Amino acid sequence: MVGNATREAIIGDRRITGLSARVIAELVAEVGPLWHERHQATLVSRPRKRAVGAGAKHRLVFVDRLLATLVHLRHGTTHDVLACWFGVDRSTITRAIGEIRPLLAERGCTISLGVRLRTLVEVIDHLGASGQTGIIDGTEIRVRRPAAGRKDRDKFISGKNKQNAVKAMVLTAEDGRVLFCSPAKPGSCADITHARQLGLVKLLLDGPAVEILADAGYQGLGAQTGGRVVTPPHRKFKKNAPDWYEEIHERQRKAHSSRRIRVEHGIAHLKNWRALARHLGRREHMSDIIQAVAGLLSHQQAEDLIPGAQQR
């Protein structure tokens, strides 16, 4: 268990957790009661010989559990190192992260303080109501290769990067703020297939009029959504194109790229959290990790937009 001085140093330095002290305080107030409620429900559900609350007490209080999870997500710090830092056993850190991470993943993405988007339906409705343009792109996180002999071993191989990976679809606003991050899919899944499986086509056809910018990996969605998904222009000439056509095509391509680049910035901010740079743990945890980081990043982005908010 860390002392008050060490805890204050962790909270006070944004480089350690990636979050300001104000955002961490809001997380403690929001996630703390949820964790306590679930913990008590787990205790009550067990067959017991002693009363609830009897026996050994936690050496790692909730605030330290949250901080250990944030440091792990931000810097990819191993459980062994965190255990030495917080003065507990490695299994305690593993259990703490396993309890806190799902709670963070359920929070959704913050668009303003107190307002969150948790599903793709809510994101499309928000974009339609606010008249904003959305931008989508796929991102890959490298993972461990499945064991030899597994039937699904090859489905994690990315055709683009030729490595074992999982993939997520990121949707940002036109200013680059993260609005949605999908659960992870195996790396062999194409970007356009993933978008269809998430129901994006149906949402755009049945929902409000929303413009979605995308790269060439989503070509074909424009025709399926009545032109609401905008992709780079097709080349009509593969060889011996006239000079005038090359000039027009290049100008259109650059104009589209300059509007779509914001999603790349959003993904870059996500990848600053080392847990999304490369993951060496269990692949089934990646959905929680991606959505937890997206929620934390969007919360800090919303905080940074407040005039006069204290930056650390």
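**Close-up views of the predicted model**

**View A. Helices α5 and α6 are roughly perpendicular to each other.** The axes of the two helices cross at roughly 105° and come within 8 Å. A crossing of 65 to 115 degrees counts as roughly perpendicular, so this pair gets that label. As in every view here, what you're looking at is a predicted model. On the α5 side, the residues to pick out are His79, Asp80, Leu82, Ala83 and Phe86, and they meet Arg90, Ile93, Thr94 and Ile97 of α6. Sorted by class, this contact has five nonpolar, two polar and two charged residues.

**View B. Helix α4 meets helix α5 in a right-handed crossing.** Here α4 covers residues 62–75 and α5 covers residues 79–86. Their axes come within 11 Å, at a crossing angle of roughly 140°. From α4, the contact takes in Asp64, Leu67, Ala68, Val71 and His72; from α5 come His79, Leu82, Trp85 and Phe86. That makes six nonpolar residues, two polar ones and one charged. If some of the α5 names ring a bell, that's because His79, Leu82 and Phe86 also meet α6.

**View C. Helices α3 and α6 are oblique to each other.** Now the partner of α6 (residues 90–105) is α3 (residues 21–45), and their axes lie 10 Å apart at an angle of about 120°. How is the crossing of α3 and α6 handed, left or right? It's right-handed. Look for Leu27, Val31, Leu34, Trp35 and Arg38 on α3, and for Glu99, Ile100, Leu103 and Leu104 on α6. The class count for this contact is seven nonpolar and two charged residues, with no polar ones.

**View D. Strands β1 and β2 make a hairpin with two residues between them.** β1 is residues 109–112 and β2 is residues 115–117; they pair in the antiparallel sense over three bridges. Across the pair, Ser112 has Val115 of β2 as its bridge partner. In the turn, Gly114 has a positive phi of about 90°.

**View E. His126 sits in helix α7 and is buried.** The helix runs over residues 120–130, and the relative accessible area of His126 is 18%. The cut-off for buried is under 20%, so His126 counts as buried. Leaving aside residues up to four places away in sequence, which ones does His126 touch? They are Ile111, Leu117, Gln132 and Leu179. Of these, Ile111 falls within β1 and Leu117 within β2, going by the residue ranges of the hairpin strands.

**View F. Strand β4 is largely enclosed by the rest of the structure.** That reading follows because eight of its eight residues are buried. In a regular strand, side chains alternate between the two faces of the sheet. Both faces of β4 are covered: one carries Ala165, Lys167, Met169 and Leu171, the other Val166, Ala168, Val170 and Thr172, all of them buried.

**View G. β4 pairs with β3, β5 and β6.** Strand β3 (residues 134–142) runs antiparallel to β4 and is joined to it by eight bridges; follow Glu140, which stands opposite Lys167 in β4. Strand β5 (residues 178–181) is also antiparallel to β4, over three bridges. Two places to look are Val170, with Cys181 as its bridge partner, and Thr172, with Val178 as its partner. Five residues lie between β4 and β5 in their hairpin, and Gly176 takes a positive phi near 95°. Strand β6 (residues 185–186) adds an antiparallel pairing over two bridges, and there Val166 has Pro186 as its bridge partner.

**View H. Ile267 of helix α11 touches Val170.** The helix spans residues 243–271. Is Ile267 buried or exposed? With a relative accessible area of 8%, Ile267 is buried. Besides Val170, Ile267 touches Asp137, Gly138 and Thr139, not counting residues up to four places away in sequence. For a sense of scale, the C-alpha atoms of Ile267 and Leu34 are 29 Å apart, with their positions 233 residues apart in sequence.

**View I. The whole protein has 12 helices and eight strands.** Zooming out, the C-alpha atoms fill a box of roughly 80 × 55 × 35 Å along the principal axes. Of the 312 residues, 45% count as buried. Among contacts with a separation of 6 or more, 66% are between residues 24 or more positions apart.

Notes. Residues numbered from 1 in each chain as written. Predicted model: local features only at pLDDT ≥ 70, side-chain atom pairs only at ≥ 80, totals over all residues. Heavy atoms only, no water. Axes fitted to C-alpha atoms, helices over the stretch in contact; angles between N-to-C directions. Helix = DSSP H or I, 4+ residues; strand = E, 2+ residues; numbered from the N terminus. Left-handed = near helix turned anticlockwise from the far one by under 90°. Contact = heavy atoms within 4.5 Å. Nonpolar A, V, L, I, M, F, W, Y, C, P; charged D, E, K, R; others polar. Parallel < 35°, antiparallel > 145°, perpendicular 65-115°, else oblique. Pairing = 2+ DSSP bridges. Buried < 20%, exposed > 50% of the residue type's maximum accessible area, 1.4 Å probe, protein only.
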